[in-house]
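Please open the model in a viewer and keep the sequence at hand. The tour below proceeds by selection, with a short account of what is found at each stop.

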Amino acid sequence: MFYKKNYSSLLAIFMIAIANVSLAHAQASLKSLLEFPFPDNLCSAPAYSEIAWTFDIQGRRNIYFLKGNNVSYQQLTHDTSDDGQQISDMSFSENGQWLVYARGGAPEGNWSNNVPVNPASYPLIPPVEIRSVEISTGKNYLLAKDGSSPLISPDSKRVLFIRNNKEVWSMSVDSSSKPTLLFETRGSIGSLRWSPDGKRLAFVADRGDHSFIGVYNIDNAPVQWIDPTFSRDVSPRWSPTGDSIVFVRMPAIGGAPDSILRQYPRPCEIRIADIQHTKSVLLWKSPNTLRGSVPTTNGGFNLHWAANNRIIFLSTQDNWPHLYSIPATGGELLLLTPGHFMVEYIALSPDKKHLIFSANTGPDKLDIDRRHIGMVSVDKQDMKIITPGDGIEAHCIFKDDHSIAFI
């Protein structure tokens, strides 16, 4: 069931109502509780008002799709086994015609995203597969039997994925060509990000106690390393023009053995680098305190290069995970979400002018124990709670320029 609620001068809201279970006549059994459908992986193609998500129904995980204002949705995959193989890394192509995802492993468990798992005890361990779905036909394509972190190119024709932790491969989204190796490097590769023009690819090369930001050029030029040091550089984000990258820098891991029980600050810096010169400049530095440490809530830093040349990030420096904004050229730091509450599940609007998030606040004093969807501009303190009430709302995304979807 889908529910629409209108607000004057606010967004129209689309809520996925997950299920209706009646326990009026008998106490819930363990079997009925374990069979309750669980939604996840909500993603969207805002330009086409498309959303997709997964349902875990009695252990069977499948992808579902909705376009526009329809009230009926389409099932895109039809796996019938309770085999413990998770679906992850779902994303739409820029033209809204394709959906790519990884199937296999347990990325939300104690295993890494590209490590196979076998809870069903099959004689052969199922690999982590890279797959695509053509939305118009529902046809499912197997792109690779060993990979992780699929990423569609801006022209919607190719899919990149990581193999063996240190290799980036490419192939056509409809499996009409064989996978080709683009580049490889030392350490573990992650955080793949296309430049706005689709000609360069930013990534993180994790070397264990330190990490680098690299940029691969599709013309096969040598990899550019962005201001390499022995720090841990992560979360690269392109500027709208594609000539700069903002990223997070943390101290390297190492030093004398210490107690695992002792708490100590984990400071970080936000830095901006010009691609042509590769050197970076300091934009913001966290306090060297426990409160100023790296956020541990959903999305971590939640770093964004937003409209009006603003850099958005999450910090717990006032003891709550809050959103902050600062000009990319430097200047005064602006707290966007002041108050005694936390924000998580943060998404940037397609026009990059607004942020939505889940927060445990609202007009009711009991909202501290709930979650509601909030919205704020990227450059001013105009936060609004747009789903007040006694429910719990989270995992929000922009469905299009005028509506959001959430669980």
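A residue is called buried under 20% relative accessible area, exposed over 50%, and partly exposed in between. The model is predicted. With these limits in mind, select Trp225, which at 27% relative accessibility counts as partly exposed because that value falls between the two cut-offs.

**First stop: the surroundings of Trp225**

Keep Trp225 selected and add Phe212. The ring centres of Phe212 and Trp225 lie 5.8 Å apart with the planes at 65°, so the pair is edge-to-face. Phe212 belongs to strand S17 (residues 211-217) and Trp225 to strand S18 (residues 224-225), so that the pair links distant parts of the chain, 13 residues apart. Phe212, at 13% relative accessibility, counts as buried.

Next, extend the selection to Phe183, Phe203 and Tyr216. Ring pairs join these residues with Phe212 and Trp225 into a cluster. Then display Arg207: its charged end sits over the ring of Trp225, 5.7 Å from the centre of that ring.

**Second stop: other aromatic rings**

The count of aromatic pairs in the model is 13. For another of them, select Trp98 and Tyr141. What is the arrangement of the rings of Trp98 and Tyr141? Their centres are 5.6 Å apart and their planes stand at 55°, so the pair is tilted. Trp98 is in strand S8 (residues 98-103) and Tyr141 in strand S10 (residues 140-144), and the two residues are 43 residues apart. Both Trp98 and Tyr141 are buried.

Now move to Trp169 and show Arg163 with it. The charged end of Arg163 sits over the ring of Trp169, at 4.7 Å from the ring centre.

**Third stop: salt bridges**

Side chains of opposite charge can pair when their charged atoms come close. The structure holds 13 salt bridges. Select Asp79 and Arg103, which form one of them, with the closest N and O atoms 3.1 Å apart. Asp79 lies in the loop between strand S6 (74-75) and strand S7 (87-92), while Arg103 lies in strand S8, so the pair ties together parts that are 24 residues apart in sequence. Asp79 is partly exposed, with a relative accessible area of 27%, whereas Arg103 is buried, with a relative accessible area of 13%.

Select Glu129 and Arg131 next. In this salt bridge the closest N and O atoms are 2.8 Å apart, and both residues are buried.

Proceed to Asp227 and Lys279, whose salt bridge has its closest N and O atoms 4.0 Å apart. Asp227 is in the loop between S18 and strand S19 (232-238), Lys279 is in the loop between strand S21 (269-274) and strand S22 (280-285), and 52 residues separate them in sequence. Is each partner buried or exposed? Asp227 counts as buried at 8% relative accessibility, and Lys279 counts as exposed at 59%. Add Asp233 and Arg249 to the selection: salt bridges that share partners join Asp227, Asp233, Arg249 and Lys279 into one network.

**Final stop: His322**

Select His322, which is found in strand S25 (residues 322-327). At 0% relative accessibility, His322 counts as buried. Its side chain reaches the backbone oxygen of Gly339 at 2.7 Å. A polar atom of the His322 side chain also lies 3.3 Å from the backbone oxygen of Phe341. Leaving aside neighbours within four places in sequence, His322 is in contact with residues including Phe313, Leu314, Ser315, Leu335 and Val343.

Technical notes
Residues are numbered from 1 along each chain as its sequence is written. This is a predicted model: local features need pLDDT of at least 70, side-chain atom pairs count only at pLDDT 80 or more; totals for chains, interfaces and linings use all residues. Side-chain values use heavy atoms; hydrogens and water are left out. Rings of Phe, Tyr and Trp (its six-membered ring) pair if their centres lie within 6.5 Å; planes under 30 degrees apart count as stacked, over 60 as edge-to-face and the rest as tilted. Helices (H or I, at least four residues) and strands (E, at least two) are DSSP runs, numbered from the N terminus. Buried means under 20% relative accessible area, exposed over 50%, partly exposed in between (1.4 Å probe, protein chains only). A charge sits over a ring if NZ of Lys or CZ of Arg is within 6 Å of the ring centre and within 35 degrees of the ring normal. A salt bridge is a side-chain nitrogen of Lys or Arg within 4 Å of a carboxyl oxygen of Asp or Glu. A polar contact is a pair of N or O atoms within 3.5 Å; within protein, one must be able to donate a hydrogen and the other to accept it, and residues adjacent in sequence count only if both atoms are side-chain atoms. Contact means heavy atoms within 4.5 Å.
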